[in-house]
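Please look over the sequence and the 3D structure shown here before reading on. The paragraphs below then lead through the structure step by step.

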Amino acid sequence: MFKNIFRLTCILTLTSSNVVAGNSNDWRKTGSDVEKLTNVVKVIPSTSDLMFQMGERYRNLYWAGKQKKWAFAEYQVEEMEGLMKKLKITRPQRAASIEKYFSTAFKPIEAAIQSKNWQQFSLGFESMRKQCMLCHKANDHAFIILKPVPGKGNSPVID
Ligand code: HEC
């Protein structure tokens, strides 16, 4: 009986001291507002974080068009636009490149999706691909070359 109470007390003491120690090391709970803001700014999505997603959506877009899943293709373009808008906020030094891209890349592919025509889609996709790579070149990443016919991604929507 006494042995059990002793054990229980030890466990409770250990657990509560761990919680306290955990809290005091956790900037989200105990950090100053400046520390919190600094950390949050450090971890906002980087160009490569967002570009990784662009790459996946690029694959999905191609295969959605190929398989005539037009609504899914349209959705991919909308999400890509969203990623670019996000990048403009998280990496303001890229704003000029992003604006240039917006003014050229999305219109042909959007029109092609509306037309529901594979020939037009493949032309719009190719023109978008060129714009993606122009931006890579202008931003010291010319070696990131996108395949005109990308491999299938992991989307369970694509056959
Ligand atoms: C605003 C300019 C810009 C545009 C537009 C752009 N990219 Fe990028 N992309 C970059 C930069 C810069 C990098 C290198 C990222 C880094 O090093 O932080 C990159 C990297 C990538 C990567 C490599 C990601 C990784 O870390 O493995 C992929 C994939 C990619 N882009 C796909 C695309 C696709 C697809 C498009 C068009 C649909 C596109 N990008 C449009 C600037 C751009």
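What follows takes up the confidence of the model, then the packing of some of the helices, and lastly the surroundings of the ligand.

This is a predicted model, and its chain has an average pLDDT of 90, with 86% of the residues scoring at least 70. Residues 8-18 deserve a separate word, since over this stretch pLDDT stays under 50 and the model shows 0 contacts beyond four places in sequence.

A good place to begin with the fold is helix 5, which spans residues 70-90, together with helix 6, which covers residues 95-104; the axes of helix 5 and helix 6 come within 9 Å and cross at roughly 160°. Angles over 145 degrees count as roughly antiparallel, and helix 5 and helix 6 are therefore roughly antiparallel to each other. The crossing in which helix 5 passes helix 6 is left-handed. On the side of helix 5 the contact is made by Met84, Leu87 and Lys88, while helix 6 contributes Ala95, Ile98, Tyr101 and Phe102. Sorted by class, the residues in this contact of helix 5 with helix 6 are 6 nonpolar, no polar and 1 charged.

Helix 5 also packs against helix 7, made of residues 106-115, at an angle of about 160° and with the two axes 10 Å apart. That angle makes helix 5 roughly antiparallel to helix 7, and here too the reader will find a left-handed crossing, as helix 5 passes helix 7. The residues of helix 5 that take part are Trp70, Ala73, Glu74, Val77 and Glu81, and they meet Phe106, Ile109, Glu110 and Ile113 in helix 7. Taken by class, the contact of helix 5 with helix 7 consists of 6 nonpolar, no polar and 3 charged residues.

From these helix pairs we can turn to the ligand. Which helices each supply at least two residues of the shell around the ligand? They are helix 4, running over residues 47-66, helix 6, and helix 8, running over residues 118-138. Helix 6 thus has a part in the shell around the ligand as well as in the contact with helix 5 described above. Helix 4 gives the most to this shell, with 7 residues. There are 21 residues around the ligand, and among these Met51, Gly55, Tyr58, Cys132 and Cys135 come nearest. In terms of class, the shell around the ligand is made up of 12 nonpolar, 8 polar and 1 charged residues.

Methods
Residues are numbered from 1 along each chain as its sequence is written. This is a predicted model: local features need pLDDT of at least 70, side-chain atom pairs count only at pLDDT 80 or more; totals for chains, interfaces and linings use all residues. pLDDT is the predictor's confidence in each residue, from 0 to 100. Two residues are in contact if their C-beta atoms, placed from the backbone, lie within 7 Å. Axes are lines fitted to C-alpha atoms, for helices over the stretch in contact, and angles run from 0 to 180 degrees between N-to-C directions. Helices (H or I, at least four residues) and strands (E, at least two) are DSSP runs, numbered from the N terminus. Angles under 35 degrees count as roughly parallel, over 145 as roughly antiparallel, 65 to 115 as roughly perpendicular and the rest as oblique. A crossing is left-handed if the near helix is turned anticlockwise from the far one by less than a right angle, and right-handed if clockwise. Ala, Val, Leu, Ile, Met, Phe, Trp, Tyr, Cys and Pro count as nonpolar, Asp, Glu, Lys and Arg as charged, and the others, Gly among them, as polar. A residue is near a molecule or strand if its C-beta atom, placed from the backbone, lies within 6 Å of it.
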